[in-house]
Amino acid sequence: MRLTVIGTGYLGAVHAACMADIGHDVLGVDVDAEKINSLAEGRPPFYEPGLDDVLTRALASGRLRFTTSLREAAAHGEVHFICVGTPQKAGSQAADLRYVDAVVDGLAPHLPASCLVVGKSTVPVGTTARLAARIAGLTPAGVRAEVAWNPEFLREGFAVEDTLRPDRLVVGSTSREADDTLRRVYAPMLAAGVPYISTDPSTAELVKVAANSFLATKISFINAMAEVCDAAGADVVTLADALGHDTRIGRRFLNAGVGFGGGCLPKDIRAFTARAEELGVGAAVAFLEQVDAINKRQRTRTVALARQLVGGDLTNRRVTVLGATFKPDSDDVRDSSALAVASALHREGADVRVHDPEGTANAQLAHPELRCSSDLLTACQGAELVLHLTEWSHYREVDPVKLARVVRVPLLIDGRNALAHEEWRAAGWTVKALGRPTPTPRTDTARPRDPLRTTIASPATEPDRTTALA
């Protein structure tokens with residue numbers, strides 16, 4: 001089928017390349033000529049594992065092209081996917097839909113024939129109906145453009161996998177014809193057994209914001225428990241492990257730390273709250289305000305812990321932050337918890353160095369006041385405190401003995417509870433983390449011998465395994 005993908009950011013570029021890879025004739029569209037030229041040359045303008053290969057393959061097949069012209073897009077497509085951003089509106093919690101509206105306004109007047117316009121961006125419930133009315137007033141006489149919503153569920157770092165092998169497809173439409181069209185678009189996925197949920201547009205719009213709100217709630221819940229654990233001297237990781245064995249809860253997203261960030265979860269829960277208020281049901285999702293507040297508080301708690309560990313004053317203290325992106329396997333620094341903490345440390349007078357395997361260039365653009373380095377040892381040289389704030393596998397593979405030789409003080413805050421603390425402590429590091437008590441030396445490491453085992457096993461021939469494994 002002839003598809004257009006309008007907007008070539010993290011969502012659109014991946015969607016365009018993958019749709020061409022499964023056999024469709026795809027035209028990618030963006031107002032950013034530099035981005036379009038980069039994609040046309042096979043160079044993704046951002047880091048996403050696997051995208052280079054899919055993009056190269058799709059371009060070589062001749063099924064993928066790029067343009068800046070909505071007029072050209074209108075002439076090409078049977079199905080037009082809207083993949084532009086919906087950031088938080090300035091001075092408001094609500095989503096800013098100006099880019100979505102601009103696509104509709106630029107595309108609809110040039111449509112030569114009836115087609116299907118499909119939104120993939122995350123939008124407030126009711127957007128499909130509003131856009132349908134807007135398009136109807138802009139299309140040429142005799143041209144009918146139906147609007148459907150097909151929300152994306154991509155995880156940055158796994159976007160290619162999530163596009164080609166999604167865990168579900170959700171389509172909200174008002175006609176059997178639109179639904180059948182999207183079943184044709186996604187035929188290879190359906191043949192592979194991917195669940196396909198056909199529903200109305202409002203439900204489809206709500207699925208994405210509801211999913212993100214649930215995940216944000218789960219993350220903030222365990223971070224709230226971390227705060228309680230700090231007050232009670234308990235261990236949030238053990239608590240999370242115990243909760244995770246409950247099949248009703250599960251262990252995923254129960255990792256306490258500095259909190260979530262990125263271009264989706266924070267702004268989506270705020271936009272959901274704003275839209276619920278508009279619908280008169282704000283009380284139903286009022287808890288999301290606390291979810292957001294808990295998430296923000298993790299950042300301030302991390303800064304407070306850093307201040308405490310260096311004696312109460314961060315002025316002129318050399319501090320290294322490991323991680324700049326909001327999550328690993330991405331170069332996206334939008335609303336990054338790591339950078340928020342780094343910037344706060346800088347404002348308190350610390351000499352902050354930031355390292356990230358992929359995100360230093362974007363971090364430097366977003367926060368020119370910080371010193372960013374692509375070399376880990378250089379970034380840690382002379383540090384009096386190291387904060388691990390983005391859980392790249394790169395940091396789990398660091399040799400803490402080697403790193404201890406370049407820092408001034410081997411003091412670590414593990415803001416993701418993801419490092420092997422015992423190994424770091426064995427290498428001479430003092431390790432702190434939110435929700436984790438400082439271990440105290442045990443005066444007696446031997447456990448009481450099992451009296452039953454004592455009577456039936458000879459210590460000379462069979463060691464007491466309860467002691468041997470302690």
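**Figure 1. Lining of the largest cavity in the predicted model.** The lining residues of the largest cavity split into 8 nonpolar, 2 polar and 4 charged. The structure is a predicted model. A search of the whole structure turns up 2 cavities of 30 Å³ or more. The largest has a volume of about 100 Å³. Its lining counts 14 residues, and those closest to the centre are Val123, Pro124, Val209, Ala271 and Phe272. Two helices, H10 (201-232) and H12 (265-278), each give at least two residues to this lining. H12 provides the largest share, with 5 residues. Rolling a probe the size of a water molecule over the atoms shows where empty space is left.

**Figure 2. The whole chain.** The protein chain holds 21 helices and 14 strands. Its C-alpha trace spans about 90 × 55 × 50 Å along the principal axes. The chain has 470 residues, and buried residues make up 50% of them. Among contacts with a separation of 6 or more, 72% join residues 24 or more positions apart.

**Figure 3. The largest nonpolar core.** This core contains 40 residues. Leu64, Phe81, Leu182 and Val185 have the most contacts inside it. Helix H1 (residues 10-21) supplies the largest share of the core, 9 residues. A close-up on Val185 shows contacts with Met1, Leu3, Met19, Ile22, His24, Val79 and Phe81, leaving aside neighbours within four places in sequence.

**Figure 4. A second core.** A separate nonpolar core has 28 residues. Leu97, Ile135, Ala145 and Phe153 are among them.

**Figure 5. Helix H13 and its packing.** H13 covers residues 287-309, 23 residues in total. At 1.5 Å a residue, the helix should span 33 Å, and its end C-alpha atoms are 33 Å apart, so the two values agree. Which residues of H13 are buried? They are Leu288, Val291, Asp292, Ile294, Asn295, Gln298, Arg299, Arg301, Thr302, Val303, Leu305 and Ala306. Charged side chains appear in this list, including Asp292, Arg299 and Arg301. The buried residues of H13 pack against helices and strands alike. The helices are H10, H12 and H14 (337-347). The strands are E12 (385-388), E13 (411-414) and E14 (430-432). H10 and H12 also contribute to the lining of the largest cavity.

**Figure 6. Val310, in the loop after H13.** Val310 sits in the loop between H13 and strand E9 (318-322). Is this residue buried or exposed? Val310 is buried, because its relative accessible area is 7% and buried means under 20%. Val310 touches Arg317 and Leu385, not counting residues up to four places away in sequence. Leu411 is 101 residues from Val310 in sequence, yet their C-alpha atoms are 9.2 Å apart in space. Gly311, just after H13, takes a positive phi of about 100°.

**Figure 7. Two residues with positive phi.** Most residues other than glycine have a negative phi. Asn316 has a positive value, near 65°. Asn316 is found in the loop between H13 and E9. Asn316 is exposed, with a relative accessible area of 66%. Asp329 also has a positive phi, near 60°. Asp329 lies in the loop between E9 and H14. Asp329 is partly exposed, because its relative accessible area of 28% falls between the 20% and 50% limits.

**Figure 8. His421 and its contacts.** His421 belongs to helix H19 (residues 421-426). With a relative accessible area of 9%, His421 is buried. What does His421 touch, not counting residues up to four places away in sequence? The contacts are Asp414, Val431, Ala433 and Arg436. Asp331 is 90 residues from His421 in sequence and 27 Å away in space, C-alpha to C-alpha.

Definitions and conventions:
Residues numbered from 1 in each chain as written. Predicted model: local features only at pLDDT ≥ 70, side-chain atom pairs only at ≥ 80, totals over all residues. Heavy atoms only, no water. 1 Å grid on protein atoms, 1.4 Å probe; cavity = no way out; pocket = protein on both sides within 12 Å on 5 of 7 lines; lining within 4 Å. Points joined across faces, edges and corners; volume = space filled by probe spheres on them. Helix = DSSP H or I, 4+ residues; strand = E, 2+ residues; numbered from the N terminus. Expected span 1.5 Å × (residues − 1). Buried < 20%, exposed > 50% of the residue type's maximum accessible area, 1.4 Å probe, protein only. Contact = heavy atoms within 4.5 Å. Core = buried A, V, L, I, M, F, W, Y, C linked by side-chain atoms within 4.5 Å.
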